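Visitor: I would like to learn how to read a ligand site. Could you walk me through one?

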Amino acid sequence: MGKLIGPKKIKTAIFISGKGSNLKNIIKFSKNKNSPITVDLIISNTPKAKGLRFANQFGIRKKIFNFKNLKESEKKILSLLKNRNIKFIALAGFMKILSKNFIKNFKGKIINIHPSLLPKYKGLNTHHKAIKNKDKFAGCTVHYVTAKLDSGKKILQKKIKITSKDNAISLAKKVLKEEHKLYPAAIMKIFS
Ligand code: GRF
C-alpha cells in the first residue's frame with residue numbers, strides 16, 4: 001500500500017531582513033505534523049540578512065530582491081510567488097514597506113510580528129520607547145498586514161512585565177522569546 005499523505009500544507013513565503021530567529025522558529029514549527037503551513041521560500045531585501053543561512057541549513061529556496069525599485073521588485077516577487085503556488089506570507093523582521101498593490105494581491109494572506117503591544121509603538125525602536133516612557137508592560141503582536149504600517153487586525157498578542165532592572169536590550173530578549181511562541185500560535189489560530 002502507498003504511503004498515506006495528509007492534507008496538503010499551505011505553501012508559505014517568509015520575508016526577512018535580519019537575524020531570522022523568527023524565521024528559524026517558524027521553519028521548525030512548520031515541520032510539525034500539525035502545522036498548517038510549509039515554508040517554501042525565503043525572501044530577503046538584502047544579502048546581508050543573517051537569517052539567509054537558514055535557507056541552506058533547512059534546504060529552502062531563497063531569493064534576494066533589493067527593492068531599489070519597489071514596483072519592479074514587487075512585480076518579480078508576485079510572479080515568483082504565483083509560479084510556486086505560494087498562498088501565504090509571513091513577515092519576520094522584514095524592514096521594507098510593501099505597497100498597497102502588493103498587499104491587495106495577497107489580501108488577508110500576509111501577516112507580521114511586531115515587538116510591541118499594538119496599537120502602542122508602531123514603527124521602530126519599540127523597546128527604547130517602552131523603557132523611556134517607564135511603561136509597566138511590553139509585548140508582541142501578530143497582525144494582518146494592511147497598507148497602513150503596523151495597523152492591521154490583531155491575531156494574537158502577548159503581554160509581559162517590564163521590571164525595574166530591564167533596559168531596551170534585556171527587554172528585546174524577553175520579548176523575542178515570547179515572539180517565538182506567539183508566531184506559531186497565531187498561524188495555528190488563523191488556519192484552525
Ligand atoms: C523581531 O523583534 C520582530 O518582532 C521585529 O524584528 C525582529 C526580528 O527578529 N519585526 P528576527 O530577525 O526574527 O530574529
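Guide: We will go through the ligand and then two backbone features. This is a predicted model, where local features need pLDDT of at least 70, side-chain atom pairs count only at pLDDT 80 or more, and totals for chains, interfaces and linings use all residues. Residues are numbered from 1 along each chain as its sequence is written, and side-chain values use heavy atoms, with hydrogens and water left out.

Visitor: Which residues are around the ligand?

Guide: A residue is near a molecule if one of its heavy atoms lies within 4 Å of it. Here the shell is Lys-19, Gly-20, Ser-21, Asn-22, Gly-93, Ile-113, His-114, Pro-115 and Glu-179. They divide into 2 nonpolar, 5 polar and 2 charged. In this scheme Ile and Pro count as nonpolar, Glu and Lys as charged, and Gly as polar.

Visitor: Which atoms make polar contacts with the ligand?

Guide: A polar contact is a pair of N or O atoms within 3.5 Å. A backbone N or O atom of Asn-22 is 2.8 Å from a ligand oxygen. In Glu-179, a side-chain N or O atom also lies 2.8 Å from an oxygen of the ligand. The ligand alone exposes 370 Å², and the protein buries 83% of that. Such areas come from the Shrake-Rupley method with a 1.4 Å probe.

Visitor: Where is Pro-119, and what is its peptide bond like?

Guide: Pro-119 is in the loop between β5 and α5 (126-132). Helices (H or I, at least four residues) and strands (E, at least two) are DSSP runs, numbered from the N terminus. The bond from Leu-118 to Pro-119 is cis, with omega near 10 degrees.

Visitor: What is the phi of Phe-67?

Guide: Phe-67 is not a glycine, yet its phi is positive, about 65 degrees. Look for Phe-67 in the loop between β3 (61-64) and α3 (70-83).

Terms used. Polar contact = N/O pair within 3.5 Å; in protein donor to acceptor, adjacent residues only side chain to side chain.
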